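Open your viewer and get ready to select a few places with me. We will go stop by stop.

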Amino acid sequence: MTTVTEPRPGIAERLSRMIQLPTVSAELEQRGSDPFEGFVSLIAAEYPLVHEHLTLERHTEFGLLFRWAGRGASSDGPVVLMAHYDVVPADESDAWTHPPFAGVIEGGRVHGRGALDDKGPLIVVIEAVENLLAEGFTPARDVYLSFGGNEETYGRAAQEIARVFRERGIVPWLVIDEGGAVVEAPLPFVPGRAAMIGVGEKGVMTVTLSARGDGGHASAPPALTAVRRVARAVDRLGPATFRPRASPAVLRMLSRLADRTPGPARHLLRMLSAAPWLTARVFAALGGEAAALVRTTVAPTMQEGGSAANVLPSQASATLNLRIALGESAQRTVLRLRRRIRDPLVTVSVVEADDPSPESPTDNEQFSLIAEALAVSHPGVPAVPYVMMAATDSRHFHRFSPAVYRFAPLDMSNEQRAAIHGVDENVEIAALERGERFHRALIRGLG
Ligand SMILES: [Zn+2]
């Protein structure tokens, strides 16, 4: 009964219109909520079939939850496709080639803030749904579109939507949110493109270390002042504070990439993927991003103490930002910090903590479905699991829903990825079209 129709023309123009609404969540106070309400109206106007056939619930001011009823039993878990429609600020005085909120279409690309993060990934979802509706298609399971308007400011929209699911006893069968993308050469010696699928995300924690000391004149200081205590504590929290450990996702990433790699590098990757201990050591030794994949990282970000050059401060403190490895917890991380600092006079206080997510499997139906949809939209591009360093809204679902994947089906060059939260953000129109095809294939593949 279904006839295969080509997607409607104009995805670039519609994305351009979305970009022209400056939904900058960090500037909500200055700009007001008009751009956000404008976005909701724009969706209703541009996607008449979505508007007609899906129900829209609003959870908090900035959480949009669309439900597309499937033909399956209500006990089949639904699919939740997530994205956010707020963006980070763009300083117009920075050297943008095209103004960040003009939505200029040029050179086969759409330019502007949000093109990749995250209006591009959002539009390919909603376009796919609109196009399937035009074909008279009904999905095998319920499909929810969960769009948040305050992801970039750690707002509560997505958290609230996840809470609603929980309250209603609905456990999603599959959740897809932003995260990985289709990228070129994910490791230096691995040629070709790969679809990097985030199967988990590290936790985030901010702690302060503080110490008190006797204030007084700086001319006759005691051996251990408040500043020295804090400095010593920070020094004791070097890169080796947390033991490196290769999570299953990292090992599977290596083995998938090995299949695509020619020459001796293939054997190296194979060997590493079979030896977690060695992988952990090698990645830790590489430092930087590689090390961050296998261990909890500690970054001292702020230090404070004293107000005059010649006066001993009675208090000093340092702020640390930690990214907690998968399989660890915020609680165990604090215990470890205390043990390493070995100084009862240094107070460790947690400012905020978010545990790492669980790790989604890759040997299940859901991951296979993603790979099959990719075969339609990006033939020959493998689905490769990895661990994300950054936090996404999907972590709220991951606490109770096992199959959560962080992936936008858009091609992103290194240059384009660098423009996210930076200058000259842009997306290729051809990439948008492939992304729409991905979601159509994914939704079709449910039954
Ligand atoms: Zn984002």
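Helices (H or I, at least four residues) and strands (E, at least two) are DSSP runs, numbered from the N terminus. You are looking at a predicted model, where local features need pLDDT of at least 70, side-chain atom pairs count only at pLDDT 80 or more, and totals for chains, interfaces and linings use all residues. Residues are numbered from 1 along each chain as its sequence is written, and side-chain values use heavy atoms, with hydrogens and water left out.

Start by selecting helix α12 (residues 330–341), which gives five residues, the largest share, to the lining of the second largest pocket. A pocket is an open set of points on a 1 Å grid over the protein atoms alone, where a 1.4 Å probe fits, with protein on both sides within 12 Å along at least five of seven lines; lining residues have an atom within 4 Å of a point. Now add Phe 242, Arg 243, Glu 328, Arg 332 and Arg 336, which lie nearest the pocket's centre among its 15 lining residues.

Next, go to His 59 in strand β1 (residues 55–59). Is His 59 buried or exposed? His 59 is buried (under 20% relative accessible area, 1.4 Å probe, protein chains only), with a value of 11%. Leaving aside neighbours within four places in sequence, show what His 59 contacts (heavy atoms within 4.5 Å): Leu 65, Glu 160, Ile 161, Val 164 and Arg 168.

Finally, select β4 (105–106) and β17 (426–428), the edge strands of an open, antiparallel sheet ordered β4-β5-β17. Strands pair if DSSP finds at least two bridges between them; three join β5 (residues 109–111) to β17, where Arg 109 has Glu 428 as its bridge partner.

How values were computed: Buried < 20%, exposed > 50% of the residue type's maximum accessible area, 1.4 Å probe, protein only.
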